Amino acid sequence: MNELRVRVGPMGFRVGSAWDAPMAALRYLYAGYPEPDDGIATLTARIEPTRPWRRWIRPQVAIEGDHTLPDAVPMALRHGLLAAEMAMNLQVAIGQRRFLLLHAAAVEKDGRALILTGESGSGKSTLAALLGEHGWRLMADEFVLIDPDTGLVHAFPRAISLKNASIAEMAKHVADPARFGPLLTATPKGDIRHLRPNADAIARMDEPAIPALVLFPLFGVATDPTGIGRAELFARLTQGSPNYIALGERGFATLVRLVQTVPGAMFGYGDTAAALDLVGRFWAET
Amino acid sequence: MTAPVLKNPVFHAEAQDANPVAEIDGIMLLFHRRSGETHFLASPLPEMLALLAEHPCNADALAERLARQLDVPCDDEARIVVAARLEELRGAGLVWTA
């Protein structure tokens, strides 16, 4: 069994596969990350042949691990890296109970966190990746971790999953091409290329931040920014949280505290320069 | 065998401190411990729950108590609204009939 042990923020992973190629890609993407503390991985993800013979004949991979989804669709082996990333996401979403998870990205400046959330395709990942190259520290791309005890955001700087047009956009802003993983074409989500967060994001992955602002960017048509009421913010964040219900009362208390202390707003944007400008203006007023 | 349908049933609600609540933008967020559900309750639902927690009663009596508290007339419209909201609360498991 080919295996990778890696720690991302507070979570230790053990990722395994019967195949070498996706594991080599994963190892490349997580170069420079630490190993789990004391060698203990709390989350295990595996990508395996769907049937034993599928290892050799038109190979497909299935996502497995501590937790599995009964209807997880097997993927082509050439998308094995994506399958490994999805397997890691699945283990986090279902397996961990220490943090409230928000389906969001986050960046930090001066000890305060900006949370970017919204539907898939809203551009939150691209915006967070861009901010991470322009004076902010990237804290998270897929899941934002909120500590129920302190209300702080904990960093979870996984490789950023860039999709379609944002792949070329980010190439303009990242000087080191070695930070990009392989281009995965024609996946179920279109073209995907992973980007390793910069050295600062990895080195400071154990530094939490105080949540300061929640933004809902929406890529498409530029619209005037509008504030979001706290009750609506609560509802939107629960809808985007994979483990709000599992956390029960702790999740409720954590989210109540967040919306009582952190304002929310939404805006539409047509190009990334305008979005960066708007984020800067929001931040100046926060 | 089906349960008998009670005429003019008495509604009950849990004590006010039975579940964690938060008042946000005039809406009561209530985490229902029994079901694990989070409810968004706009007026007059929090007031209805408080009155029933204090003293269980039937729908008409609740309409009268609520109208008195909110200083509005207790007419047919008030009674219809209270009866409809009570059914919603019952569906959510926040009130029950004995």
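Q: Where is H39(B) found?
A: In this predicted model, H39(B) sits in strand 4 of chain B.

Q: Is H39(B) buried or exposed?
A: H39(B) has a relative accessible area of 12%, and because the cut-off for buried is under 20%, H39(B) counts as buried.

Q: Which residues is H39(B) in contact with, leaving aside neighbours within four places in sequence?
A: The contacts of H39(B) are M28(B), L29(B), L30(B), H32(B), A92(B) and L94(B).

Q: What is the order of the strands in the open sheet with strand 4 of chain B?
A: The order is 2-3-4 in chain B, an open sheet of 3 strands with antiparallel pairing. The twist from one strand to the next averages 20°.

Q: Which strands stand at the edges there?
A: Strand 2 (21-24) and strand 4 (37-41) of chain B do. Each has a single partner strand, so one side of each has no neighbour in the sheet.

Q: Over how many bridges do strand 2 and strand 3 of chain B pair?
A: Strand 2 and strand 3 (residues 27-32) of chain B pair over 4 bridges, in the antiparallel sense. One bridge joins E23(B) to M28(B), the latter in strand 3 of chain B.

Q: Which helix of chain A lies across those strands?
A: Helix 6 (residues 230-239) of chain A lies across strand 2, strand 3 and strand 4 of chain B. Its direction is at about 155° to strand 4 of chain B.

Q: What about the sheet with the order 5-1-6 in chain B: what is the pairing?
A: The pairing is antiparallel, and this open sheet has 3 strands. Strand 5 (57-58) and strand 6 (95-97) of chain B are its edge strands, each pairing on one side only. Helix 1 (residues 45-54) of chain B packs on this sheet and touches strand 1, strand 5 and strand 6 of chain B. The direction of that helix makes about 100° with that of strand 1 of chain B.

Q: And which strands does helix 3 of chain B lie across?
A: Helix 3 (residues 76-91) of chain B lies across strand 1 and strand 6 of chain B, at about 100° to strand 6 of chain B.

Q: Which bridge partner does V10(B) have in strand 5 of chain B?
A: The partner of V10(B) is N58(B). Strand 1 (residues 10-13) and strand 5 of chain B pair over 2 bridges, again in the antiparallel sense.

Q: Changing topic: at what angle do helix 1 and helix 2 of chain A pack?
A: Helix 1 (residues 21-29) and helix 2 (residues 80-95) of chain A pack at about 65°, and their axes are 8 Å apart. The crossing is right-handed.

Q: Which residues meet there?
A: From helix 1 of chain A, P22(A), A25(A), L26(A) and L29(A) meet G80(A), L81(A), A84(A), E85(A) and M88(A) of helix 2 of chain A. By class, that contact has 7 nonpolar, 1 polar and 1 charged residues.

Q: How many residues does the largest nonpolar core have?
A: The largest nonpolar core has 33 residues, and F13(A), L26(A) and Y30(A) have the most contacts inside it. Helix 2 of chain A gives the most to this core, with 8 residues.

Q: What does Y30(A) touch, not counting residues up to four places away in sequence?
A: Y30(A) touches V6(A), V8(A), E85(A), M88(A), R158(A) and A159(A).

Q: Where is the cis peptide bond involving P44(B)?
A: The bond runs from S43(B) to P44(B), with omega near 15°. P44(B) lies in the loop between strand 4 and helix 1 of chain B.

Q: What is phi of N164(A)?
A: Phi of N164(A) is near 45°, a positive value in a residue other than glycine. N164(A) is in the loop between strand 11 (160-163) and helix 4 of chain A, and N164(A) is partly exposed at 41% relative accessible area.

Q: And phi of A186(A)?
A: Phi of A186(A) is near 55°, also positive in a residue other than glycine. A186(A) is in strand 12 of chain A and is exposed, with a relative accessible area of 55%.

Conventions:
Residues are numbered from 1 along each chain as its sequence is written. Chains are lettered from A and ligands numbered from 1 in the order in which they are written. This is a predicted model: local features need pLDDT of at least 70, side-chain atom pairs count only at pLDDT 80 or more; totals for chains, interfaces and linings use all residues. Side-chain values use heavy atoms; hydrogens and water are left out. Axes are lines fitted to C-alpha atoms, for helices over the stretch in contact, and angles run from 0 to 180 degrees between N-to-C directions. A crossing is left-handed if the near helix is turned anticlockwise from the far one by less than a right angle, and right-handed if clockwise. Contact means heavy atoms within 4.5 Å. Ala, Val, Leu, Ile, Met, Phe, Trp, Tyr, Cys and Pro count as nonpolar, Asp, Glu, Lys and Arg as charged, and the others, Gly among them, as polar. A nonpolar core is a set of buried Ala, Val, Leu, Ile, Met, Phe, Trp, Tyr and Cys residues joined through side-chain atoms within 4.5 Å. Buried means under 20% relative accessible area, exposed over 50%, partly exposed in between (1.4 Å probe, protein chains only). Two strands pair if DSSP finds at least two bridges between them.
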